[in-house]
Amino acid sequence: THIVYMGSLSPENSFNHLMSAAANNRHHNLLSSVLGDEELARSVRVSSFGRSFDGFSARLLPEEAERLKEHPNVVSVFPNQIRELHTTRSWDLIGVTQSVRRNLKFERDVIVGVLDTGINVDAPSFDDKGLGPPPAKWKGICQEGANFTHCNNKVIGARAYAFDNDHGEPAGSSPCDLEGHGSHTASTVAGSLAKGASLYGLMKGTARGGVPSARIAMYKVCGKYCTDLNILHGFDDAIADGVDVISLSAGGGPFAGYFTDAISIGSFHAMRKGVLTSVAAGNSGPDPNTVSNVAPWLMTVGASGTDRQLVTPITIGRDGFKTLGNSINTVSAGKKLLPLVSGRTAQNSSSNDAKTFPGACIDGSTSKEMVKGKVVLCNGAIEGDSVLKRDGALGMLMADYKGELDAAYAFVLPTAMITPERYLAIERYINSTKNPQVLIHKSRSIHVDSPFVASFSSRGPDRYSKTILKPDLVAPGVNILAAYTNLASITSSPLDNRFSDFNIMSGTSMACPHATAAAAYIKSFHPDWSPAAVKSALMTTAEYAYGSGQIDPTRAVDPGLVYDLTEADYVGFLCSMGYNSVMMKPIVGRDDVACPLTKAKVRSSADALNYPSMNLQLPIPGTGGPVAAVFRRTVTNVGAANATYKAEVGGDVAGWSIKVVPETLVFGEVNERKSFRVMVRGPPVNIDDGVLSASVEWRDTEGRWSVRSPIVISADLLT
């Protein structure tokens, strides 16, 4: 960021509340005239001054700053120097600053079990300075292996699993991290403060976990992929070892039932021992019904974006036309423009792929002679950067047709992902220019509005249970800087020679450990709370427009009311889903289990479980008249002993009636339970109505607590 100082205010530009928009426009016009691109000017300008002096700030390349200095209205342009390093932004964004209130005595005793790809214990994020020995309750081990010789008082345990040799590469017999994924997620949960963290200067700050004094136990259940067998062994050990929370950033695959699914099984038994399992919702968005990990005892986490987006500036041609792409480009480009060629022009005439996918940079589809020493414009690509790197190309511009430009990714070549519209514009430039040239600059961050749900984040509702709203909540998962392994390049490609203690990654894999840390943070204040109470606290204090909300951990520590659940409640829910007594007895290890409810009766009921959210998927019209549903819920008072709450119904659901009975709940002691009903009536749901969203919010009369539950009604697209 640079400051563009324009001197004293002239009388006509003196600041007042009516002139702020005019100042913005005036500064935008000046910046646009110098950069030659209105869109670029709009994206790089940060703010305007105008109360005591005139000027503005903008994110500028050095040559752009030099051009601005030459403008007659500009006095000077200078870098916005960093005076004090700030934390990586995701935790600050959701209120967990370095100075947030903590219960360190108990936080140091919280053990987070991470089921992932292993851990780089020597990374700065896992420094154990200031931590005492592991808690007395810890029963785990530190398994040594190749490139892994010790644990410490931060990473107190590590195991690796290599049971599955029938599906290719097993996870391995050493807890060392060969992929970087496990180190990244573990440090996001409970990494120590690592000052000066960055990826080759990008997103520089202090990397830290949400509970930096908590302990980590790594269960290496994944290599390049994860298997159910290893996952179940990981759960088996983690529960017995004494972990308090489990984090698993994996999932997907066909789902046929809760107890034919390894993650559902492992997490059910964790729940029985008082351990909450936090899981990733999946990266198959934005289509509906794509969420994975849907068991109600899981905390299923979608991904939200932060207020920082990585962009990659592109200079096209000698005239210096500027546009923006998207990537994690760590290379400073310098000032020399490079030759630019279209993948269509450079295609290999003998390749069938080149004929089928013209312009796509697929292995064998481009001519090595035509791409060598050039930047290649690709009409989509499958591992195109590796193909072009091997053939001697110097860079890649690639059209993105998935619409996922909110997240940035690293490539083995200087690369920028661009929209299809920009791809066509650059293609026209190439076709109309004798010697087309381009320069791909180092990425930089810009400010964007947040939070928002990431494009890739899998959406609900749940395919399997029509009354459970999944994901449960969202957490930051876009462009997250955290620890990495020193045993893999930042792209994991053998063609890449860049190695770093930190990496920037995106996915619900990155969101999941944020929610895990939030749960651990709550446990440090309320060690006796059940997994359901912890999850309820996070869900009912979340920020949302509709459906699931973004976590607010500091509010969740004191939620006022919780929707609690016991093992017996989940058993009743499973009975409603068609599991019978014969099936349930061995699952819970008791003979006194009875399933009196039939599947047909309760599958259509809205109150099969005391869940913090209320979800109803209804058949598409043609099956009957108006819709009527009743959600029966019970809340437990965890706030003040004497408290009165009143219900408020929010949302804009035209034509629907939503009533809460009773409308007032009066509590006389802590842990007292009160029940209520939410009665919903309305017309048949049309597939064109989309998602109908409302909420029930319980507010105490003293103005201290607000406990909000989303209500979502939608057409069942699978019927």
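**Warm-up: the whole protein**

What does the accessible surface of the protein come to, and what share of it belongs to carbon and sulfur atoms?

*Solution.* The accessible surface is about 29400 Å², and carbon and sulfur atoms hold 51% of it. Areas here follow the Shrake-Rupley method with a 1.4 Å probe, and for residues only the protein chains shown count as cover.

Before going on, note that this is a predicted model: local features need pLDDT of at least 70, side-chain atom pairs count only at pLDDT 80 or more, and totals for chains, interfaces and linings use all residues. Residues are numbered from 1 along each chain as its sequence is written, and side-chain values use heavy atoms, with hydrogens and water left out.

**Exercise 1: describe the overall make-up**

Give the secondary structure count, the buried share and the share of contacts that join distant residues.

*Solution.*
- Step 1. The protein has 18 helices and 34 strands; these are DSSP runs, numbered from the N terminus (helices H or I, at least four residues; strands E, at least two).
- Step 2. Of the 719 residues, 58% are buried, where buried means under 20% relative accessible area, exposed over 50% and partly exposed in between (1.4 Å probe, protein chains only).
- Step 3. Take the contacts (heavy atoms within 4.5 Å) between residues at least 6 apart in sequence: 72% of them join residues at least 24 apart.

**Exercise 2: check helix α7**

Compare the expected span of α7 with the distance between its end C-alpha atoms, then place the helix among its neighbours.

*Solution.*
- Step 1. The expected span of a helix is 1.5 Å times one less than its number of residues.
- Step 2. Helix α7 covers residues 228-241, so its 14 residues should span 20 Å. Its end C-alpha atoms are 20 Å apart, which agrees.
- Step 3. The buried residues of α7 include Ile231, Phe235, Asp237 and Ile239.
- Step 4. Strands β5, β6, β9, β10 and β11 pack against the buried residues of α7, and so does helix α8.
- Step 5. Just after the helix comes Gly242, with a positive phi near 100 degrees.

**Exercise 3: follow the salt bridges**

How many salt bridges does the structure hold? Work through two pairs and a network.

*Solution.*
- Step 1. There are 22 salt bridges, each a side-chain nitrogen of Lys or Arg within 4 Å of a carboxyl oxygen of Asp or Glu.
- Step 2. Asp237 and Arg159 form one of them, at 3.9 Å from N to O. Asp237 belongs to helix α7 and Arg159 to strand β6, so the pair ties together parts 78 residues apart in sequence. Both residues are buried.
- Step 3. Another joins Lys535 to Asp472, with the closest N and O atoms 3.9 Å apart. Because Lys535 sits in helix α14 and Asp472 in the loop between β21 and β22, this pair links parts 63 residues apart in sequence. Lys535 is buried at 2% relative accessible area, and Asp472 is buried at 3%.
- Step 4. A network of salt bridges links Arg272, Glu567, Arg590 and Asp592.

**Exercise 4: map the surroundings of Glu697**

Is Glu697 buried or exposed, and which residues is Glu697 in contact with, leaving aside neighbours within four places in sequence?

*Solution.*
- Step 1. Glu697 lies in strand β33, residues 691-700.
- Step 2. With a relative accessible area of 12%, Glu697 is buried.
- Step 3. Its side chain meets that of Arg699 in a salt bridge of 3.2 Å, N to O. Arg699 is partly exposed, at 38%.
- Step 4. Leaving aside those sequence neighbours, Glu697 is in contact with Lys646, Ala647, Glu648, Ser706, Val707 and Arg708.
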